[in-house]
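User: Please walk me through a structure one feature at a time. For each feature, I would like the general idea and then the case at hand.

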Amino acid sequence: MKKLKNKNIILVVLTLILSCSDDFIDVSPQAENSEEFFNSEADYQSALIAAYDPLQSTYINVMLGEIASDNTLAGGESATDVPGIQEIDDMLHTPINQQLRDIWGWMYGGVNRANFIMEFKDKTEFSGKNGVLAQATFLRAYYYFELVKWFGDVPMQVDKRIQFGDQFNIDRTPKAEVYAQIEQDLIFAADNLPYVQNENGRITKGAAQALLGKAYLFQDKFAEAANVLEDLINNGPHDLLTDYSTMFENDNENNIESVFEIQYSDLEGAGFGCLQCSEGNVAVGFNGIRNYSGPTFDSGFSFNVPVQEVVDAFEDGDIRLDTAILDIDAWASDTGASFSTGYEHTGYFNRKYIARKGDLNTGDANLTNPNNYRAIRFADVLLMAAEALNRGGISDDRARTYLNRVRTRAMLLEVSTSGSNLTNDIYNERRVELVGEGHRFFDLVRTGRAANEIDGFVSGKHEVFPIPLIEIQLAGNRWDNNPGYQN
């Protein structure tokens, strides 16, 4: 079986599938007949690996999920360095924003690849086929979940590719219906996948359960979320990693805490002309220390810099702080390292996802860092379960148990609160446990706290982002944009 990291092989084998297109509409060459594909298990496996491939482009979703929140500032070289990122940081984004168009186009590219498999799901039978289809439905759910998080109501097609001309007939689907499809896909995936796969990065039953629990939580379906998340906690193979300081190191990828991890590689170089083509974690280079020279780390572009407020959110004695956030002045004083300051320099960097020394430095080195993204960690599962149990009025006792498992690992005292005080404790714990991992903005939005925490946030507008104007135009101007954003 081809390795998930070996993206370049798949792009050669499956040129009929989307390759480096950033448009919502995927135009397949007329000379190619996709109906002649899917004649063997190998065909399905190749198409499946191609459907995994767009996961690597979610680096931008992760980075902007922090920058849009109160955890970090855009940073970069200057106030005009990547204007789209600066606009999102300042809550000044409009329908003309390249980074939002990237999210839209790249996630729909993933949807189309998964739908390509499902369109021909009945063509050829082979042993283990349900496992292949289950991975495809998880991937479709993951991409749609990203789309509904960012844009609200979105066009949805199921078990059929969106091809040229279809954009004139597909309306925006209410987000409740999109979530219903996500739930259906993830239930199927969970029912047809094992807890342990024989290849790192493959979707597991636990990944499907965790994402399903998260989708329920985003809809305030607390009982449903608690049920599936507690089933994973009680029956799955995952646990908290004992040594938190090793969590994000390249030699400890796919560890026991990683419920779903996106695989990256430094084997093939990349360039700015096609960022989504990179096999490396592009966000790591963007997050890196500008003009750095010293031990342990490599240079980067100084985006996504943590603010003092999030540093101060850590309690005294919390061992996670030094793993999560790098105090560059203290580090330089201790090691003799040198660096230069970029725009909005705070003195802090996202230590979880900045470049480490020791990779191949394949060019462009800032775009090909091999650091995997821990998309769903068991600590997140515990805290989601705690929130569902508490906010759903189901059991504060079990909620405290899960919360305190996370706190004990951080060398903090257990909490004994209940009710709304426990809710706030869970919120605070999510912030410090998951800082730098792209969850904060959406946590604030889904819990109704964003307007009080994010400068410039306008209620009734900024809960979602604008649909890119070019996509509305490609659809014949049939879609209205989200409230507050002018076409």
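Analyst: Happy to! Helices here are DSSP runs of H or I with at least four residues, strands are runs of E with at least two, and both are numbered from the N terminus. Keep in mind that the model is predicted. As a starting case, helix H13 is followed by glycine 336, whose phi is positive, near 80°.

User: Let me stay with that helix. Which residues of helix H13 are buried?

Analyst: The idea is to apply a cut-off: buried means under 20% relative accessible area, and exposed means over 50%. In H13, which spans residues 328-335, the buried residues are Ile328, Trp331 and Ala332. Their arc around the axis is only 100°, so they lie on the same side of H13. On the face turned away from that buried side you find the exposed residues Ser333 and Asp334.

User: What do the buried residues of H13 pack against?

Analyst: They pack against three strands: E5 (289-290), E8 (325-327) and E9 (348-350).

User: And which residue caps the N-terminal end of H13?

Analyst: That is aspartate 327, which places a side-chain oxygen 3.3 Å from the backbone nitrogen of aspartate 329.

User: Now the backbone. Which residue has a positive phi although it is not a glycine?

Analyst: The general picture is that most residues other than glycine have a negative phi, and most peptide bonds are trans. Phenylalanine 38 has a positive phi of about 60°. It sits in the loop between helix H1 (7-13) and helix H2 (41-52), and its 0% relative accessibility makes it buried. Glutamate 344 also has a positive phi, about 60°. Glutamate 344 is in the loop between H13 and E9 and counts as partly exposed, because its relative accessibility is 22%.

User: Which peptide bond is cis?

Analyst: Look at the bond from glycine 363 to aspartate 364, where omega is near -15°. Aspartate 364 belongs to the loop between E9 and strand E10 (373-377).

User: Next, the rings. How many aromatic pairs does a search of the whole structure find?

Analyst: The search finds 30. Take tryptophan 104 and tyrosine 108: their ring centres are 5.0 Å apart and their planes meet at 55°, so this pair is tilted. Both residues lie in helix H5 (residues 98-119), four residues apart, about one turn of the helix. Both are also buried. Another tilted pair is formed by phenylalanine 441 and phenylalanine 457, at 6.3 Å centre to centre with 50° between the planes. This pair links distant parts of the chain, 16 residues apart: phenylalanine 441 is in helix H17 (residues 440-446), while phenylalanine 457 is in the loop between helix H18 (450-453) and helix H19 (469-474). Phenylalanine 441 and phenylalanine 457 are both buried.

User: Which residues do ring pairs link into a cluster?

Analyst: The cluster is made of Phe37, Phe38, Tyr44, Phe116, Phe120 and Phe126. So the phenylalanine with the positive phi turns up again, this time as Phe38 in the cluster.

User: Where does the charged end of arginine 446 sit?

Analyst: It sits over the ring of phenylalanine 218, 5.5 Å from the ring's centre. Arginine 449 lies over the face of tyrosine 427, at 3.8 Å from the ring centre.

User: How many residues does the largest nonpolar core have?

Analyst: In soluble globular proteins, nonpolar side chains tend to be buried together. The largest nonpolar core here has 126 residues, and among those with the most contacts inside it are Ile117, Phe138 and Phe260. Helix H6 (residues 129-151) gives the largest share of this core, 15 residues. A second, separate core of ten residues includes Ile289, Val305, Ile328 and Ile354.

User: What is isoleucine 117 in contact with, leaving aside its neighbours within four places in sequence?

Analyst: Its partners are Phe38, Tyr44, Ala47, Leu48, Ala51, Leu133 and Ala136.

User: To finish, is aspartate 185 buried or exposed?

Analyst: Aspartate 185 counts as buried because its relative accessibility is 3%. It lies in helix H7 (residues 175-192) and, not counting residues up to four places away in sequence, touches Thr137, Arg140 and Ala141. Phenylalanine 188 is in H7 too, but with a relative accessible area of 29% it is partly exposed.

Methods. Residues numbered from 1 in each chain as written. Predicted model: local features only at pLDDT ≥ 70, side-chain atom pairs only at ≥ 80, totals over all residues. Heavy atoms only, no water. Phe/Tyr/Trp six-rings, centres within 6.5 Å; stacked < 30°, edge-to-face > 60°. Buried < 20%, exposed > 50% of the residue type's maximum accessible area, 1.4 Å probe, protein only. Lys NZ or Arg CZ within 6 Å of the ring centre and 35° of its normal. Arc of directions from axis to C-beta. Contact = heavy atoms within 4.5 Å. Polar contact = N/O pair within 3.5 Å; in protein donor to acceptor, adjacent residues only side chain to side chain. Core = buried A, V, L, I, M, F, W, Y, C linked by side-chain atoms within 4.5 Å.
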